[in-house]
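Hi,

Here is the structure I said I would pass on. Have a look at it first, and my notes follow underneath.

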Amino acid sequence: MGRIKPHVIKYNDQYLAKTLFKRALLFFWFLVTNCFGFWYVNIFQALMQGQYSWWYLSPLVLSILLTGFVGWGVFWFYKSYAPEHSDFISRYLKTVELRQMISLLIVSKGFFDIANDDNGTFIAYFPKLKLKVLHKTGQLILQEPVDGQKYMESFSKNEFDNVVEIALLADRQTTEFSKNKMISTFAFDPIKFRRQLKELKPKKGLLQISKGIDWKYDTFYNVLISGNVGTGKSYTMFAIIGQLLQVTKFVYIIDPKRSDLAGLKHVPELKNNVFSVASEINQAVIDFYTKMMARAEKIEAIKVSGQVGTYKDFGFTPYFLVFDEFGAYYEMNDRLAYDDPTKASYETAMSNLREIAMLGRELGFYILIGMQRPDAGTLPMAIRNQLNMRINMGVPTPEIEKMVFPDNEKQLRPLSSHLKGWGFIKIGDSQVRSFFAPEVPKDFNLHEYMRENIAIRESQGK
Ligand SMILES: Nc1ncnc2c1ncn2[C@@H]1O[C@H](COP(=O)(O)OP(=O)(O)OP(=O)(O)O)[C@@H](O)[C@H]1O
């Protein structure tokens, strides 16, 4: 488990902070009393000579006051200073707190046994858990026993991990099994996994979201990004679009609300790929669909010879349709009269979109949908069920949580009160995890950023 020594969690660790606190105070008291030794000797001699004075209590009172003061200081350090800092002592105290918490969880969840004999109650079984804290990366590594003992199954079914996630506000990243044990890694400090916008590097079939969280678009095709106004939805989209532009020139952007994304039509390289007017939007979807079907035919022709595979295997590039403010588009068109010609093309576009969501994976045609509230009224089920990577910026309301993360059991709590650009993500069937979107610098210019990304792609000859 690396350089840092793991701590074996003990039953008594649930009182670890208190025990250490008491010991520290006792030690300090001992030290002060020793320092006052001469003073006590003088007082003792005076008493022997029959001199009495209230002043003789001063060293005692002073040492109580000093110890009280130091006690208060240590407590403040533990509660207020250490959580915000990362010096040696703060790290030590954080580890103490985590050890205490893990021990407390084992006890409170009853993953241990007590027994009685003539001498009273004793602990008959306490599971062997080891904890290692990696402060640099904000990770916690927990080794749990899968050793044939009583609570083995609960550990191997991640029951304990789930409790840890809730209690520590941590996200489980990985779980590995080895002989007699299971090792789970948690991230308890998601901001440490934040990436910088300018450093994002898409790799083959994979876009970066945060350290340890990538979007593998070939496997987890189609994206939903929801989030209330001002939570960082647009910024997250910028980070994704920027990377898409490094991957392929076939990135189409739809923004019916004509906000920042619509402005991208002023980037010369993108002028034909950005759509914000109702009629244009429907046509853009229909064109995207037409291109997909053309590719389907080509692939079918290749497969006649008996070859198997998906678009990549036959050397095709992926296409992406980024559809922001999808809810606005849906509502705008739903209000149209039945004989309105736009209505007909809207109906076609919607049915095409459903097919793209369903068939696009094998053909390399992907969609990303951004919207504030993805409810049943504005995002058809047939599309929603095909969105494999789901992001909600900010804490979702219970209704939105049901739509975006239907089976989530984890409590979703705010990651920061003063920073924007954090949220929750679920990729495929994995757990919902908290994350910070790539950090956008203060002097950010959207158009320049997109052009930089396009230049990177062009320099790679794509
Ligand atoms: N990743 C980020 N890095 C730095 N700042 C961010 C980030 N995300 C959000 N912010 C800050 O939060 C503000 C709101 O973000 P953003 O515009 O993306 O919100 P939104 O959810 O898209 O809201 P709207 O629907 O109004 O566009 C930004 O102007 C920025 O100051």
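Before anything else, keep in mind that this is a predicted model. I began with enclosed space, and the count comes to one cavity of 30 Å³ or more. That cavity holds about 70 Å³ of space.

If you want to find the cavity on screen, pick out D171, Q173, A187, P190, F193, S210, K211, I213, R433, S434, F435 and F436, which line it. Two elements, β6 (171-178) and β17, give two or more residues each to this lining. The largest share is from β17, with four residues. By class, the cavity lining splits into six nonpolar, three polar and three charged residues.

Where does the largest cavity lie with respect to domain 1 (7-188) and domain 2 (192-459)? Both domains give residues to its lining, so the cavity lies between them.

Next, the open space. The largest pocket has a volume of about 1,100 Å³. Its lining is made up of 39 residues, and those nearest the pocket centre are P83, L168, F188, D189 and P190. P190 is also on the list of residues lining the largest cavity, so to speak a handy landmark for both. The elements that each supply at least two residues to the pocket lining are α4 (88-108), α6 (159-168) and β17 (433-436). Of these, α4 gives the largest share, six residues. Sorted by class, the pocket lining has 20 nonpolar, eight polar and 11 charged residues. Domain 1 (7-188) and domain 2 (192-459) are both represented here too, with at least three lining residues drawn from each.

The last thing I looked at was helix packing around α10. Helix α8 (residues 278-303) packs against helix α10 (residues 341-363) at an angle of about 40°, and their axes are 8 Å apart. The two helices are therefore oblique to each other. The crossing of α8 past α10 is left-handed. As for what sits in that contact, its residues comprise 13 nonpolar, six polar and four charged.

Helix α9 (residues 326-334) also packs with α10, here at an angle of about 140° with the axes 10 Å apart. What does that make the pair, oblique or roughly antiparallel? Angles have to be over 145 degrees to count as roughly antiparallel, and α9 and α10 are therefore oblique to each other. Their crossing is left-handed.

That's what I have for now. Shout if you'd like to go through any of it together.

Cheers

Note on methods. Residues are numbered from 1 along each chain as its sequence is written. This is a predicted model: local features need pLDDT of at least 70, side-chain atom pairs count only at pLDDT 80 or more; totals for chains, interfaces and linings use all residues. Side-chain values use heavy atoms; hydrogens and water are left out. Axes are lines fitted to C-alpha atoms, for helices over the stretch in contact, and angles run from 0 to 180 degrees between N-to-C directions. Angles under 35 degrees count as roughly parallel, over 145 as roughly antiparallel, 65 to 115 as roughly perpendicular and the rest as oblique. A crossing is left-handed if the near helix is turned anticlockwise from the far one by less than a right angle, and right-handed if clockwise. Ala, Val, Leu, Ile, Met, Phe, Trp, Tyr, Cys and Pro count as nonpolar, Asp, Glu, Lys and Arg as charged, and the others, Gly among them, as polar. On a 1 Å grid over the protein atoms alone, a cavity is a set of points where a 1.4 Å probe fits but cannot get out, and a pocket is an open set with protein on both sides within 12 Å along at least five of seven lines; lining residues have an atom within 4 Å of a point. Grid points are joined across faces, edges and corners, and a volume is the space filled by probe spheres set on the points. Domain bounds come from an automatic or database domain assignment.
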